[in-house]
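Dear colleague,

Please find below the structure that I am handing over to you. My notes on what was found in it follow directly after.

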Amino acid sequence: MATPHVAGAAALLAQRHPGWKAGQLKAALVSTTKQLDPKQVPTQVGTGRLDVARAHDQGVYADPGNLDLGKLAYPHDGGPVTKQVTYTNDTDAAVTLALTAPAEFHLGASTMTVPAKGSATVDVTVDPKALSDGLHSGYLTATDGTVTTRTTLGVYAESPHYDLNLHVTGRDGAPPSYGFVILIDGQSGAGFLAILTSQDHKLRVPPGRYDAFAAVYGTRDTPTGVEQVDSVLMADHDVVVGADTDLRFDARAAKEVRLHTPQPVDRAWLMVSYQRFFKAGDHEGSLGAVDFFAGGNERVWLAEAAPPTTGRLQLNTRWYTYEPLIRARVSGLPLSLSPRPVSDSRVLSPTAAHASPRFDGMRTARVVDVDTADPTALAGRNLAGAVALIRTAAGVPYEDQINAVAKAGAGYAVLWRDLSGGFRPAVGEDLPIPSFVLPHEEATALRAAAAQRTVQMKLQGRESPTYGYDIIEPLTRMPDGLDLTVRTKELASIDTTVNALAPGHTVGDMRMGFISGVGYVPAFSGVTLGWPAGVHRTDYVRAAPGFQYLERATPAFEPNPTGSSWDSAHEQYGQPLALRPGQRITERWNTPVWRPGIPAGSPGIKTGFPGATRTGDTIDLSVSGWNDGGAGHAGIYADVYGGAQAKVYRNGELFAQGGVLAGTLPVGPERATYRLTHDAQRAAASTPYSAQTHTAWTFTSSHVDGDRAAALPLLQLDYQVDTDTYGRADKRNHLLGLTLRQQDGAAVPVATADLSVSYDDGAHWTKVRLERIGAGRYQVHLRPPTEAAYVSLRANGADRAGDTVEQTILRAYGLK
């Protein structure tokens, strides 16, 4: 509320003095404030609290209301610094003011007479040689007993600091167009940042030993604006400052970061994380990480640096790349353009455009050069399924060019531009035909060939990739570039299928990486938003001691009741994976049956659902509300589509309640019977499945000795059913599996289970005969009636100590 109060006060003052300028209004308001606690300094309260009446009526004010005598650079060997304060008297009588200020601020006079309708000035001086290091502040007070003004005074005497002169050269030998240098003192933790917009830059820093990290970005002008083309990362781990110092970074010495994979891939997305660790006594700590993301055609370069002599460096590089969504070959192009000749064809290196429709399979079409796809030039032309070769033009949106050739009948669009290399065009709308980009060198050769004869292009498309590579390479020093070749025998593979919640939904998955001693590797991989549901993909990941991965998946769909295309409300997390070279695992996500519970195995680093435990006389609950049918998956479901209600009963009396089964409950030491209930519902706009769930756990518990958490006997129900991409089982005959188990760590053996099914949303239930196929494992063949669309489930289980679980799930899965 400060702004409207001050604005109103200024308006009142301007009404009283219509001829005053803004500076006069400000000075009058600031210098006539009401003093607050005298023990408080200007950096805490300024000049005081606004006093509108005094500013309006007093008629005497000081200008400026805040006097800054500046920053005095170390070693404070300059001469005195003097500035002035002017007093204005707008009344009809002269006033004589007594002036006082802190001792370090020398006043030119101790009293001053300000004539009626006039002004008078006093000098305020500081002597740098007489000041101790740090900030000095106080008030210049002028008063005659009735009239009072106050001006804040301030001066900063710099502590020992020196110039660190930065000399940075880009890869082209010119000053960088953009970049930065970060300087960190490993002992004090002090950090400094220089934004580079020229070759030379200066930082003022205290004496110390610093780690310096530099990033320089290369750009070039394109028909559609400035494009970033490379990032150069450099470091100097031992910069000692005890006097004015020069620090040089030359990007011309850097070498490129490259990845070579066993199978062809699209251009890689790369994250580089730079993290320095320092020791303080027996403790090692990190002063944070600097992360760099490069995608598309941007290239990354590293300049070699000597290893640090203090602390240690963790430099993590991480790539994610996948099978090309489009491949192309033509006949008759110069051999030099062919990275992989196939019989008499030449393999090109296309890149699918953003928002391009995708297709599966092989297609062949003739190539037609349409230059810039000017609609006037295209009038009357019949491109009839051709590959339109389009040269980009300044000021013409890519989508307009593609729409123009599509209107003329083209089946495919190829963009290129008059600059070396390729690019990733950003488009603002879905494109009408499959569209991709060719590098300048390939496009110009193709254009020349098409001008002389009919050129046929063979296209192989993928609606979504069938494989990808997720490669982490941890380093402990800045290398001289990085040329990394990975081989299949070094990798583990993760076969992933992500199902949708309903037809028309698209899906996504993500993988996080962890390294022992480092923690989270700050790079996301496997982000596949926009892939159709149910598509299978094999990701090859780096498998090495200390590496762990954590998978998560979610549907992403439109329309979304949250207003977001990424449906984080349905996220599912898996278990931490420590993989061996050659190991193969399978993950299937977003499969029925969704229900609350505690996943088997450690819930992992990010899931945050350690289950139900007791330590002494405290019960800790953390039960996930919407686990899917995947083994060990923990579901996070935000309460955005419906409601959830959790309750805890102790010996039959309500003890606690809330929206989720999570929290810490102090309980008595005596043995008691507890009942936990969880009731939830999801709206049809979210998903047709598990529309309503009711789960109740009953168990007994008493004091636990020691300080280790003991798992409570919360029985869990898992379901296994073979469904299609959209969660539908065969209504003619399908197998349903049921597993009754304890949460991990609870030792009481399971005893019995039973199951009932309903095909009319719970109006009528039929108990089924379960076939026991192992300890706590059952199955039953279901033959639903032909008119049934969903299967609802009601299961019960017990262990040998009498602990129980009961669970009802309406519309657990669909039928087809």
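The buried residues of helix α2 pack against α1 (2–16), α4 (52–57), β1 (60–63), β2 and β9 (148–157), where contact means heavy atoms within 4.5 Å. Helix α2 itself spans residues 22–31, and its buried residues are Leu25, Ala27, Ala28, Leu29, Val30 and Ser31. Here buried means under 20% relative accessible area, exposed means over 50%, and partly exposed lies in between (1.4 Å probe, protein chains only). Helices (H or I, at least four residues) and strands (E, at least two) are DSSP runs, numbered from the N terminus.

Please note that this is a predicted model, in which local features need pLDDT of at least 70 and side-chain atom pairs count only at pLDDT 80 or more, while totals for chains, interfaces and linings use all residues. Residues are numbered from 1 along each chain as its sequence is written, and side-chain values use heavy atoms, with hydrogens and water left out.

Sheets and strand pairing

Strands β2 and β9 recur in an open sheet of five strands, ordered β2-β9-β8-β4-β6 with mixed pairing; two strands pair if DSSP finds at least two bridges between them. The edges are held by β2 (66–72) and β6 (111–114), each of which has a single partner strand, so one side of each is left without a neighbour in the sheet. From one strand to the next, the twist averages 20°, with axes taken as lines fitted to C-alpha atoms (for helices over the stretch in contact) and angles running from 0 to 180 degrees between N-to-C directions. Edge strand β6 is antiparallel to β4 (residues 95–100), and the two are paired over four bridges. Within this pairing, threonine 96 has threonine 113 of β6 as its bridge partner.

Another open sheet consists of three strands in the order β13-β10-β16, again with mixed pairing. Its edge strands are β13 (200–205) and β16 (245–250), each with a single partner strand, so one side of each has no neighbour in the sheet. The twist here averages 25° from one strand to the next. Strand β10 (residues 162–169) runs antiparallel to β13, to which six bridges join it. Leucine 166 is matched with histidine 201 in β13 as its bridge partner.

Strand β38 (residues 572–577) is mostly covered, five of its six residues being buried. Two bridges connect β38 with the antiparallel strand β44 (residues 634–635), and tyrosine 573 stands opposite alanine 634 in β44.

Salt bridges

How many salt bridges does a search of the whole structure find? The search gives 38, a salt bridge being a side-chain nitrogen of Lys or Arg within 4 Å of a carboxyl oxygen of Asp or Glu.

One of them joins arginine 318 to aspartate 470, with the closest N and O atoms 2.9 Å apart. Arginine 318 belongs to strand β21 (residues 312–322) and aspartate 470 to strand β30 (residues 467–475), so that distant parts of the chain, 152 residues apart, are linked. Arginine 318 is buried, at 2% relative accessible area, and aspartate 470 is likewise buried, at 0%. Both residues also take part in a network of salt bridges with Asp509, Arg511, Arg537, Asp539 and Glu551.

Strand β30 also contributes glutamate 473, whose side chain meets that of arginine 542 in a salt bridge (2.7 Å, N to O). Since arginine 542 lies in strand β36 (residues 536–542), the pair ties together parts that are 69 residues apart in sequence. Arginine 542 and glutamate 473 are both buried.

Surface and remaining contacts

Tyr178, Leu193 and Ile195 form a nonpolar patch on the surface, with about 280 Å² of accessible area together. Such patches are made of residues with over 30% relative accessible area and no salt bridge, with like charges joined within 9 Å and nonpolar side chains (Val, Leu, Ile, Met, Phe, Trp, Tyr) within 5 Å; accessible areas come from the Shrake-Rupley method with a 1.4 Å probe, and for residues only the protein chains shown count as cover. Isoleucine 195, located in strand β12 (residues 191–196), is partly exposed at 37% relative accessible area.

Alanine 751, in strand β54 (residues 750–758), is partly exposed at 36%. Leaving aside neighbours within four places in sequence, alanine 751 contacts Leu740, Tyr778, Ala798, Asp799 and Arg800.

With kind regards
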